[in-house]
Every structure is written in structure tokens, then in C-alpha cells.
Amino acid sequence: TVASTSAAVPFWRSAGITYVAYSSVCANLLRNCLKEPHKSEALTREKVHISRSKWADGKPQKPSLRLDTPED
């Protein structure tokens, strides 16, 4: 048999995106397929809240809150 290394590579990786980005695309497609009122409820849950702290001299600095919403 002929072994191909590209056969073992997930298609999202061969497309040049990360699994998180692929998962986000799939989630957006699914949310857009829902009927109301489920669609509007799901769209409110797609917001992302990230708290990020920088470290200096071995101590965390004041965290910054980042609010992101996926772009269509």
C-alpha cells in the first residue's frame, strides 16, 4: 500500500486554519440554521469574554478584559 502523510493531516489543518477557527465556523453555521427564538438565544451566547494578565518580575499585572464577538 502507498502511505500518504497528507491523509493523516486533518482537513482543517491542511486548509491552513486552527481547530478553534474551524470549530467557530461550524458553530456560526449551526447558529444561523436555527429557527427563532432559538437563533436569537444562540446568537447572544456566541460572545467571548477573555481576561488577560501580563506578568512582570514574576507577578501578574492588572488584568485586561477583552470582549469579542465573531465576525460574520
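Where does Ile-17 lie with respect to helix 1 and helix 2? Ile-17 is found in the loop that runs between helix 1 (11-14) and helix 2, and the legends below begin with the whole chain before turning to this loop and to other sites in what is a predicted model.

**Figure 1. Overview of the predicted protein chain, with its helices and strands.** The protein chain contains three helices and four strands, which follow one another along the sequence in the pattern α-α-α-β-β-β-β. Buried residues account for 7% of the 72 residues in the protein chain, and about 6600 Å² of the protein chain is exposed, of which carbon and sulfur atoms supply 58%. Among the contacts in the protein chain with a separation of 6 or more, 6% are between residues 24 or more positions apart. The average pLDDT of the protein chain is 76, with 75% of the residues scoring at least 70; among the elements, helix 2 has the highest mean pLDDT (87), whereas strand 4 (residues 64-68) has the lowest (62).

**Figure 2. Close-up of Ile-17 in the loop between helix 1 and helix 2.** With a relative accessible area of 36%, Ile-17 is partly exposed. When its neighbours within four places in sequence are left aside, Ile-17 is in contact with Trp-12 and Tyr-22, two residues that also belong to the aromatic cluster of the next view.

**Figure 3. Close-up of the aromatic cluster formed by Phe-11, Trp-12, Tyr-19 and Tyr-22.** The count of aromatic pairs comes to three. One of these pairs joins Trp-12 and Tyr-19 in an edge-to-face arrangement, with 5.4 Å from centre to centre and 65° between the planes. Tyr-19 and Tyr-22 form a tilted pair, because their ring centres are 6.0 Å apart and their planes stand at 50°. These two tyrosines are three residues apart in helix 2 and are therefore separated by about one helical turn. Trp-12 counts as buried at 15% relative accessibility, because the cut-off for burial is under 20%. By contrast, Tyr-19 counts as partly exposed at 48%, and Tyr-22 also counts as partly exposed, at 23% relative accessibility.

**Figure 4. Close-up of Asn-28 and Arg-31 in helix 2.** The side chains of Asn-28 and Arg-31 make a polar contact at 2.6 Å. Asn-28 is buried, with a relative accessible area of 16%, and Arg-31 likewise counts as buried at 16% relative accessibility. Once the neighbours of Arg-31 within four places in sequence are left aside, Arg-31 is in contact with Lys-39, Ala-42, Leu-43 and Glu-46.

**Figure 5. Close-up of Cys-26 and Cys-33, shown with their exposure.** Cys-26 counts as partly exposed at 33% relative accessibility, whereas Cys-33 counts as exposed at 63%. The count of disulfides in the model comes to zero, for a rule that requires a pair of cysteine sulfur atoms within 2.5 Å.

**Figure 6. Close-up of the cis peptide bond from Glu-36 to Pro-37.** What sets the scene for this view is that most peptide bonds are trans. The bond from Glu-36 to Pro-37 is instead cis, with omega near 0°. Pro-37 is placed in the loop between helix 2 (19-33) and helix 3 (38-44).

**Figure 7. Close-up of Asp-57, a residue with a positive phi.** Although Asp-57 is not a glycine, its phi is positive, at about 55°. Most residues other than glycine have a negative phi. Asp-57 lies in the loop between strand 2 (55-56) and strand 3 (59-60), and at 79% relative accessibility Asp-57 counts as exposed, because exposure is set at over 50%.

Terms used
Residues numbered from 1 in each chain as written. Predicted model: local features only at pLDDT ≥ 70, side-chain atom pairs only at ≥ 80, totals over all residues. Heavy atoms only, no water. Buried < 20%, exposed > 50% of the residue type's maximum accessible area, 1.4 Å probe, protein only. Polar contact = N/O pair within 3.5 Å; in protein donor to acceptor, adjacent residues only side chain to side chain. Phe/Tyr/Trp six-rings, centres within 6.5 Å; stacked < 30°, edge-to-face > 60°. Contact = heavy atoms within 4.5 Å. Areas by Shrake-Rupley, 256 points an atom, 1.4 Å probe, with all protein chains shown as cover. pLDDT = per-residue confidence, 0-100.
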